[in-house]
Each structure stands twice: as C-alpha cells, then as structure tokens.
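Biologist: Please take me through one strand inside this structure, and then show how its surroundings are built. I am new to the subject, so kindly explain each term when it appears.

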Amino acid sequence: MKILLCGSESPLGRSLLFRLEQLQFPLVELSADALAAITLPQLESLLKEKQIHGIVNVQHLPFGGGDVDPATSEQAVQYARNPELLALAAAMSNVFLLQLSDCQVFSGQQSGAYREADEPDAQTAYGALRWAGERAVIDTCPRHIILRTGELFSSIGSNVLTNLLKAWRNGGVARVSARYRFSPTSVRDAARVIVAILHQLSCGIEPWGEYHYSGTDAISYYDFARLIKQIVESQSELNLTTEMQEIADSAAPLSWALDCGKIRNTFGIKQHPWRAGLTGSVRRAIKVLDAEDDAVTAQVEQEENEAGD
C-alpha cells in the first residue's frame, strides 16, 4: 500500500514521516505549497501516476488557531479548502482519505466524554473550521477515516506545552484556568496511532468512519500548568522561574474529554498515558527555546522521535 502524505511540515507530520520511513512504508509527500497550488484534475493524475492507495492529511493550524485567525486569514482559508479537495480526489480515484481533526469540533458543554456519535457543535471559529473540513470529507468520500485527537503537544512548534514554557522563559506569568479540561495527546503518540491504523488498512479491512483518540486522562489547564511547574522546579539546572495565576471564572466548566472506546474496539489501539515521558518533553522544549537555532530544533526533534512510545 502506498500513501500520499499531506502536512509533513507540521510536528505531527514530521513525527509520522519519521515512523513511516523507519518502517520503509511506501509514500509520496505533497508539500503545503504544492497542495495549495494543485487543481483537482492534477491531483487525480498524481494519484493515478503514483499508484496511490490512500491519502493521509495531517495538515493543521496550531490548536485553537494560534496566531492565525481561522475566520479571515488566507492560511485558514487554504486549510479549509484542502479536506474538500482531497476528499473529491479520493472519491473519484477510489482511494481512502485519513483526515486529521480534533476535539474542538465540540463545544465542551457536555458533562461526559464525547463519543463519535455525538453531534459536533463547535463554538469557536477554529472549531467551526475543523467541523467544516469533516463535513466535506463525510459528504464526499465514502472511504474515509476522520481521526479526532485531544490537544496535541510536543517539544517543538506552538502548543500548550511550549507556549507555557515560552511565557515563563520570557519572564511572564502563566495565566491559566481551572474551568477548561482537555485531554493532552503527545504528537509522538498520535503518530503511533496513525501508523497502527495504516497497518490495518493495508490488510484490507474497511472500518470507515470517525474515531477519537487522546491520552489517558483529562486535566484542567491549571493543573496541567501546575504539573509542568513541578517538573521544571525538580530540574534545578533548567533555571526557569515559573509563576502562575489562576484566571477567576464563575461560568460553567467546559470539557473536551474524548471517549476512545471505538478505536480500541475496532483497531485494538489502546490509549497511552500522556504523562509518560513528559519530563523529557519539558527538557527538550526548554533546550529549543534557549537555543533559538534551527539546527538545535532539528536535533531535538530527532531525539523526540527516537524516544519511543
């Protein structure tokens, strides 16, 4: 089986690429610039010429949009276009599409963990962008898998871990809320899950639909920050001042916990604890922040990929 990989420039894409190359998994990369410029007929021709069996799209904005306005930016418009384009090409070429999404397609107002059968009700521009991409895939491509993850983190890029450490490295105070609960998911773990799905698809099974995956337990942003603070303070050589301030908020709590029973029952994929290896992730992230050097970032990324699951 050969795949077309879109989004290999992102931390998740690079982690996935590392794993697939280690396994000598046949693939063709399509860069973000190439995907932005390609037309539907050109994409169909590429799939036919390269004898592609499936498309894997892990291209994504920073969680929540980051510094990108999901409602107005050209980058967001492009990200909104890509799932529909890929779904059309996949359907017309009779190949499958594995599309990355995440928990923000939900509002967080549900008391229990979200199941795949729950109707998305995004309340943010970023979540609406994700849900629009999902709808395009669901409506267009019968042979699809949509993988909704918890909030992704790694030692590089913009994410909940690095943004927290960056605020402290810059001498700031981390303002965090106990109101919001989320399910941290390491990029390395998400890549593991995608590879496991691809392996089973290569055996001929066709379990099309939506699936949830996240680390094992949900936590509030406040408690996550407190955990990172404890790790930093236990490593005296990191030399980082960690000040926190809880955001007072009397509104009802919100939670983006995901029920991951379906992916376990269908693929046999079990959740991994996101806390495992967290100390190493913190140390590597601080190393990147201190160096501000592309060579160090590449080295750290290699270390993270080789750290194991």
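Modeller: The account below begins with the strand and then moves outward to its neighbours.

This is a predicted model, in which local features need pLDDT of at least 70 and side-chain atom pairs count only at pLDDT 80 or more, whereas totals for chains, interfaces and linings use all residues. Residues are numbered from 1 along each chain as its sequence is written, and side-chain values use heavy atoms, with hydrogens and water left out.

The strand is β4 (96-102). Helices (H or I, at least four residues) and strands (E, at least two) are DSSP runs, numbered from the N terminus. Seven of the seven residues of β4 are buried, and the strand is mostly covered. Here buried means under 20% relative accessible area, exposed over 50%, and partly exposed in between (1.4 Å probe, protein chains only). In a regular strand the side chains alternate between the two faces of the sheet. In β4, F96, L98, L100 and D102 point one way, while L97, Q99 and S101 point the other way, and all are buried.

β4 has strand partners, and two strands pair if DSSP finds at least two bridges between them. With β3 (residues 54-57), β4 pairs in the parallel sense over four bridges, and F96 of β4 has G54 opposite it. With β5, the pairing is also parallel and runs over six bridges; here L100 stands opposite L147. The strands β4 and β5 also form a right-handed β-α-β unit with helix α5 (residues 125-140). A crossover is right-handed if, with the strands pointing away from the viewer, the path from the first strand over the helix to the second runs clockwise.

One residue of this strand deserves a separate look. Q99, placed in β4, is buried, with a relative accessible area of 3%. Its side chain makes a polar contact with the side chain of N57, at 2.9 Å. A polar contact is a pair of N or O atoms within 3.5 Å; within protein, one must be able to donate a hydrogen and the other to accept it, and residues adjacent in sequence count only if both atoms are side-chain atoms. Not counting residues up to four places away in sequence, Q99 touches N57, P83, R130, V137, I145, I146 and L147, where contact means heavy atoms within 4.5 Å.

β4 also contributes to a wider assembly. A nonpolar core is a set of buried Ala, Val, Leu, Ile, Met, Phe, Trp, Tyr and Cys residues joined through side-chain atoms within 4.5 Å. The largest such core has 38 residues, and those with the most contacts inside it include L16, V56 and I194. Among the elements that give two or more residues to this core are β4, β5 (144-149) and α7 (187-201). The largest share, nine residues, comes from α7. Leaving aside its neighbours within four places in sequence, L16 is in contact with L5, V56, V58, A191, I194 and V195. A second, separate core of 24 residues includes L165, V232, V282 and I286.

By contrast with the buried Q99, Q51 is exposed, with a relative accessible area of 59%. Q51 lies in the loop between α3 (40-49) and β3.
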